Amino acid sequence: MGLSENIAIVQEKIACAAEKAGRSAEDITLIAVSKTVDAEMVKAAYDYGLRSFGENRVQEFLRKKEILPEDIQWNLIGQLQTNKVKYIIDNGVALLHSLDRPALASELQKECIKKDASIDVLVEVNFAKEESKSGLYPEEVDSFLEQLADCRRIHLSGFMTVAPYTDDRVYLRKLFAQARALYDKKKKEFPEIRYLSMGMSNDYEDAILEGSNMVRVGTAIFGHRIYQ
Ligand SMILES: *Cc1c(COP(=O)(O)O)cnc(C)c1O
């Protein structure tokens with residue numbers, strides 16, 4: 001299957017899931033996860049109309065950003081080491097999806113002040129409490145958001161979650177519903193919250209049915225990653 005077919009299928013499935021959920025396809029941002037995918041392939045996806053891409057390694061993001069069109073919206077979706085923060089502030093990151101710990105918030109705030117910049121972020125939450133995954137546990141979110149309130153350079157735009165890899169759709173739907181409940185609740189307190197980033201190749205339709213408005217799809221668009 002070729003790239004254009006893959007993109008068309010994913011877009012069609014997004015539209016169907018959105019319709020089932022009583023929303024329109026335009027409400028849902030498709031982020032093409034281009035980690036490990038070479039720049040020519042990313043450019044081909046761009047030429048098929050995609051504008052939002054997701055990377056998980058800072059070096060790879062910087063390399064691709066240099067050579068790819070300027071109107072791409074770059075999303076950083078992987079765990080970010082504090083020593084990499086200096087490379088991403090004021091440097092073309094549209095949205096950081098993986099703010100997952102207090103030390104990272106402090107570093108982002110510090111670097112933003114230094115550069116007189118700001119950054120839009122999603123707070124990552126680990127609803128399944130998988131130890132192998134990053135993200136705050138749900139019960140840690142309230143106190144973390146209190147800390148964030150003091151970090152004026154960090155703009156809280158919503159939440160992100162990565163679900164476990166499973167075929168258990170009932171379980172997935174339950175986790176996504178928890179994320180949606182948190183999103184709805186916090187949106188009332190923080191009016192600038194507008195993104196709920198959940199859903200990957202294995203589960204983006206379930207995520208949309210439960211209220212996701214931003215899906216991060218890699219494999220279903222670009223095929224299986226060769227190294228990871
Ligand atoms: C790799 C990755 C994705 C995309 O995963 P696929 O299963 O290839 O769609 C989405 N989100 C995060 C955080 C990732 O690391």
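**Close-up views of a predicted model**

D206 is buried, its relative accessible area being 10%, in a structure that is a predicted model throughout these legends.

**View 1. D206 and its polar partner in helix α8.** The residue D206 belongs to helix α8, which is made up of residues 204–209. The side chain of D206 is joined to the side chain of R169 by a polar contact of 2.8 Å. Because the relative accessible area of D206 is 10%, and buried means under 20%, this acidic residue is classed as buried, and the contact with R169 therefore involves a buried aspartate.

**View 2. The ligand and the residues around it.** The shell around the ligand consists of V33, K35, I77, V162, M200, S201, R216, V217, G218, T219 and R225. By residue type, this shell divides into five nonpolar, three polar and three charged residues. The space that the ligand takes up is the largest pocket of the model.

**View 3. Polar atoms of R216, G218 and T219 at the ligand.** What lies 2.9 Å from an N or O atom in the side chain of R216 is a nitrogen atom of the ligand. For G218 the backbone is involved, since one of its N or O atoms lies 2.8 Å from an oxygen atom of the ligand. In the case of T219, a polar atom of the side chain is placed 2.5 Å from an oxygen atom of the ligand. On its own the ligand has 390 Å² of accessible area, and the protein covers 87% of this area.

**View 4. P164 and T161 in the loop between β6 and α7.** The loop that holds P164 runs between strand β6, residues 154–160, and helix α7, residues 169–189. With a relative accessibility of 9%, P164 counts as buried, because the limit for that class is under 20%. The C-alpha atom of P164 is 9.5 Å from that of F127, although the two residues are 37 apart in sequence. T161 also lies in the loop between β6 and α7, and at 4% relative accessibility T161 counts as buried. Between T161 and L148, which are 13 residues apart along the chain, the C-alpha separation is 18 Å.

**View 5. S134 and K129 in the loop between β5 and α6.** S134 is found in the loop that connects β5, residues 119–124, with α6, residues 141–149. The relative accessibility of S134 is 23%, so this serine counts as partly exposed. The C-alpha atoms of S134 and I28 are separated by 24 Å, and the two residues are 106 apart along the chain. K129 lies in the loop between β5 and α6 as well, where its phi is near 55 degrees, a positive value in a residue other than glycine. K129 is partly exposed, its relative accessible area being 39%.

**View 6. D116 in the loop before β5.** D116 is placed in the loop between α5, residues 102–115, and β5. Although D116 is not a glycine, its phi is positive, at about 50 degrees. With 61% relative accessibility D116 counts as exposed, because that class begins over 50%.

**View 7. Q178 in helix α7.** The residue Q178 is found in helix α7, and with a relative accessible area of 32% Q178 is partly exposed. Q178 and Q11 are 167 residues apart in sequence, and their C-alpha atoms are 25 Å apart in space.

Notes
Residues are numbered from 1 along each chain as its sequence is written. This is a predicted model: local features need pLDDT of at least 70, side-chain atom pairs count only at pLDDT 80 or more; totals for chains, interfaces and linings use all residues. Side-chain values use heavy atoms; hydrogens and water are left out. A residue is near a molecule or strand if one of its heavy atoms lies within 4 Å of it. A polar contact is a pair of N or O atoms within 3.5 Å; within protein, one must be able to donate a hydrogen and the other to accept it, and residues adjacent in sequence count only if both atoms are side-chain atoms. Accessible areas come from the Shrake-Rupley method with a 1.4 Å probe; for residues, only the protein chains shown count as cover. On a 1 Å grid over the protein atoms alone, a cavity is a set of points where a 1.4 Å probe fits but cannot get out, and a pocket is an open set with protein on both sides within 12 Å along at least five of seven lines; lining residues have an atom within 4 Å of a point. A molecule sits in a cavity or pocket if more than half of its atoms lie within 2 Å of its grid points. Ala, Val, Leu, Ile, Met, Phe, Trp, Tyr, Cys and Pro count as nonpolar, Asp, Glu, Lys and Arg as charged, and the others, Gly among them, as polar. Helices (H or I, at least four residues) and strands (E, at least two) are DSSP runs, numbered from the N terminus. Buried means under 20% relative accessible area, exposed over 50%, partly exposed in between (1.4 Å probe, protein chains only).
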